[in-house]
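Colleague: I'm new to reading protein models, and I would like some help. Could you walk me through this one, feature by feature?

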Amino acid sequence: MAFVYAKSPGSTKIHLKDHTGAVKASCTITVSSAEPVRYVYSDPVTPNAGASFNLKAITDSSKTAVKFVVKGAASGTYETTEFTTESNTSEFGLPVNNVRIFSKGVTFNTAGKYTVYAYSKTASGSWSSSYAKYDFLVS
């Protein structure tokens, strides 16, 4: 087993050679830019109508804010700069993985199905054009 750690977006070809130097296999690896939001969810997963709960989004450590755009039985836009940082150290010697978990307290008074689109903001102040999507129920 082998791990490859990419420092930046791009493509490269990796060759596997035997002890004589002969190429036995090759593969191309393409690395894309980091996702604006890795994951979005509600806490709790199925909140009750009229009760306060949190919308949460996980980003890389370069993001400065998250915007939750909610559509469904009710709708709204909620922005937050409040986050906690979590880190994970690899047992394989890879760099430490740092993420930010943004959280926004909300209350939805109407039961039903909701869809949340989460966008992130960069240090330059621009919002991402792509998003992470999450569907959930308010009971």
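Modeller: Happy to! Let's start with the rings: the structure holds 11 aromatic pairs. Keep in mind that this is a predicted model.

Colleague: How are the rings of Phe-108 and Tyr-114 arranged?

Modeller: Planes under 30 degrees apart count as stacked. The planes of Phe-108 and Tyr-114 meet at 25 degrees, with the ring centres 4.6 Å apart, so this pair is stacked. Tyr-134 and Phe-136 give another case: their planes are at 15 degrees and their centres 5.4 Å apart, so they are stacked too.

Colleague: Are Phe-108 and Tyr-114 buried or exposed?

Modeller: The cut-off for buried is under 20% relative accessible area. Phe-108 has 5% relative accessibility, so it counts as buried. Tyr-114 has 1%, so it is buried as well. Turning to the other pair, Tyr-134 is buried with a relative accessible area of 13%, and Phe-136 is buried at 4%.

Colleague: Which residues form one aromatic cluster?

Modeller: The cluster joins Phe-108 and Tyr-114 with Tyr-134 and Phe-136, and it also takes in Phe-53 and Tyr-78.

Colleague: Now the strands, please. What holds a sheet together?

Modeller: The strands of a sheet pair through backbone hydrogen bonds, and they can run parallel or antiparallel. In this model, one open sheet has 4 strands in the order 6-5-9-10, with antiparallel pairing. Strand 6 (76-80) and strand 10 (132-138) are at its edges; each has a single partner strand, so one side of each has no neighbour in the sheet. On average, neighbouring strands of this sheet are turned by 25 degrees against each other, direction ignored.

Colleague: How many bridges link strand 5 and strand 6?

Modeller: Strand 5, residues 65-72, pairs with strand 6 over 5 bridges in the antiparallel sense. To find a spot in this part, look for Val-69, which stands opposite Thr-77 in strand 6. On the other side of the order, strand 9 (residues 112-121) and strand 10 pair over 7 bridges, also antiparallel. There you meet two rings again, as Phe-136 in strand 10 is the bridge partner of Tyr-114.

Colleague: Which residues of strand 10 are on the covered face, and which on the uncovered one?

Modeller: In a regular strand, side chains alternate between the two faces of the sheet. For strand 10, the covered face has Ala-132, Tyr-134, Phe-136 and Val-138, while the uncovered face has Lys-133, Asp-135 and Leu-137.

Colleague: What does Lys-133 touch?

Modeller: Leaving aside residues up to four places away in sequence, Lys-133 touches Val-40, Thr-115, Val-116 and Tyr-117. Lys-133 and Ala-118 are 15 residues apart in sequence, and their C-alpha atoms are 6.5 Å apart in space.

Colleague: What is the strand order of the other open sheet?

Modeller: That sheet has 4 strands in the order 3-4-8-7, with antiparallel pairing. Strand 3 (39-43) and strand 7 (83-88) are the edge strands, each with a single partner strand, so one side of each lacks a neighbour in the sheet. From one strand to the next, the twist averages 25 degrees. Strand 7 and strand 8 (residues 97-107) pair over 6 antiparallel bridges, and Thr-84 stands opposite Ile-101 in strand 8.

Colleague: One last item: which rings does Lys-67 lie over?

Modeller: Lys-67 lies over the face of Tyr-119, at 5.7 Å from the ring centre. Lys-67 also lies over the face of Trp-127, at 4.8 Å from that ring centre.

Notes: Residues are numbered from 1 along each chain as its sequence is written. This is a predicted model: local features need pLDDT of at least 70, side-chain atom pairs count only at pLDDT 80 or more; totals for chains, interfaces and linings use all residues. Side-chain values use heavy atoms; hydrogens and water are left out. Two strands pair if DSSP finds at least two bridges between them. Axes are lines fitted to C-alpha atoms, for helices over the stretch in contact, and angles run from 0 to 180 degrees between N-to-C directions. Buried means under 20% relative accessible area, exposed over 50%, partly exposed in between (1.4 Å probe, protein chains only). Rings of Phe, Tyr and Trp (its six-membered ring) pair if their centres lie within 6.5 Å; planes under 30 degrees apart count as stacked, over 60 as edge-to-face and the rest as tilted. A charge sits over a ring if NZ of Lys or CZ of Arg is within 6 Å of the ring centre and within 35 degrees of the ring normal. Contact means heavy atoms within 4.5 Å.
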